[in-house]
Amino acid sequence: MDATAHGHGADHRHGHTHDHPHGHSHAPKSLRALLGVITLTTVIFLAELTAGFVSGSLALLSDAMHMLSDSTGLILALVAMLIGRRAPSKRATYGHRRVEVLAALVNALAVSAISVYIVYEAVRRLGSAEEIDVPVMLAVATIGLVANGVSATILVRRQHDSLNMRGAYLHVLSDLLGSVAVIVAGVVIWVTGFTPADTIASFVIAALVLPRSLRLLAASVNVLLERAPADVDVEEIAGALEAVDGVVAVHDLHLWSTDGTDVLATCHLVVDAEDMYGCGVLDDAQDMLAGLGVTHSTIQLEQPGHERHEHVC
């Protein structure tokens, strides 16, 4: 006979419970942080867009486009967070936290696409002499720098709450870097008259932002493909399970995450016949997994030879 147990606050009839929170305690703070940053970002986008057309600065328009993607991306992150807070249901037994991963994926794609477009536009402008209103360019970029600095300060403490919040922080960080690049380009043009500095600043913005967005994109895809999280050593966990007293063998071990933050695991443990109906092995295994960062585990206990009757993946 198999003994299947779920380490999700389950009572194993022996007074030993396993409670595994799923990271929603940070949600109210993350929600307030997003609302504040969305307001700032929208205002600065409108200011930079207007000033970019007035001054003729590609770098400023590039930064405004980042701000547009940020405003949209942050709103998307907010909506995803609100959906993700919904309780699990019969149809969505894990809840809706993966919606936040989808939002992170969309945000990463948006930032990557805009970065590529900026490079295209900068290449197209090479060799052309564009008239640039430097005072307007510098004034608006400075305002953007201050606003982005405030936004980054708000979100930096929330970026590890979820992939969704990491995507929101990426948007704001890209704008912060963009504002710095625009200001540097404006100063160079003002002092030297070297107008290609504006185009070069656009290349710098793209070069700083694109690698970060691609890393977030890869992390989001890994979650959606249900791959083992990058910071989890599957062999270490398998070895630790095999070392649990009473465990003969481990198979059908799976590690994944629904939101890019919490780690989940399922596995089959082959145990000695005398340990089959006790809870000591189960308790020890789940305690060990919790110590290694696995917040939810489902473990099947079975006798030697049972694997011949299983179809494992």
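These are my notebook entries on one protein chain, looked up in a predicted model.

**Overall make-up**

I began with the secondary structure and found 8 helices and 4 strands in the protein chain. Read from the N terminus, the elements follow the order β-α-α-α-α-α-α-α-β-β-α-β. I then looked up burial, and 49% of the 313 residues count as buried. For the surface I noted about 15,000 Å² exposed by the protein chain, with carbon and sulfur atoms supplying 63% of it. Turning to contacts with a separation of 6 or more, I noted that 74% of them join residues 24 or more positions apart.

**The largest pocket**

Next I looked up the largest pocket, which holds about 310 Å³ of space. Its lining is made of 15 residues, and the closest to the pocket centre are Ala 219, Pro 229, Ala 230, Asp 231 and Gly 260. Two elements, α5 (163-192) and α6 (196-224), give two or more residues to this lining, and the largest share, 3 residues, comes from α6. By residue class I recorded 7 nonpolar, 4 polar and 4 charged residues in the lining. I also checked the lining against the domain assignment, and at least three residues come from each of domain 1 (30-87 + 95-225) and domain 2 (234-308).

**Arg 212**

Staying with α6, I looked up Arg 212, which is found in that helix. Leaving aside neighbours within four places in sequence, I found Arg 212 in contact with Leu 170, Leu 173 and Leu 177. I also noted that the C-alpha atoms of Arg 212 and Ser 112 are separated by 8.9 Å, although the two residues are 100 residues apart along the chain. The relative accessible area of Arg 212 is 36%, so I entered this residue as partly exposed, since that class lies between the 20% and 50% limits.

**Two positive phi angles**

I then turned to backbone angles and looked up Glu 226, a residue other than glycine whose phi is positive, near 55°. Glu 226 lies in the loop between α6 and α7 (234-242), and I entered it as partly exposed because its relative accessibility is 45%.

The second entry of this kind is Asp 252, which is not a glycine either but has a positive phi of about 55°. Asp 252 lies in strand β2 (residues 247-256). Which class does Asp 252 count in, buried or exposed? I entered Asp 252 as buried, because its relative accessibility is 17% and the buried class covers values under 20%.

Key:
Residues are numbered from 1 along each chain as its sequence is written. This is a predicted model: local features need pLDDT of at least 70, side-chain atom pairs count only at pLDDT 80 or more; totals for chains, interfaces and linings use all residues. Side-chain values use heavy atoms; hydrogens and water are left out. On a 1 Å grid over the protein atoms alone, a cavity is a set of points where a 1.4 Å probe fits but cannot get out, and a pocket is an open set with protein on both sides within 12 Å along at least five of seven lines; lining residues have an atom within 4 Å of a point. Grid points are joined across faces, edges and corners, and a volume is the space filled by probe spheres set on the points. Ala, Val, Leu, Ile, Met, Phe, Trp, Tyr, Cys and Pro count as nonpolar, Asp, Glu, Lys and Arg as charged, and the others, Gly among them, as polar. Domain bounds come from an automatic or database domain assignment. Buried means under 20% relative accessible area, exposed over 50%, partly exposed in between (1.4 Å probe, protein chains only). Contact means heavy atoms within 4.5 Å. Accessible areas come from the Shrake-Rupley method with a 1.4 Å probe; for residues, only the protein chains shown count as cover.
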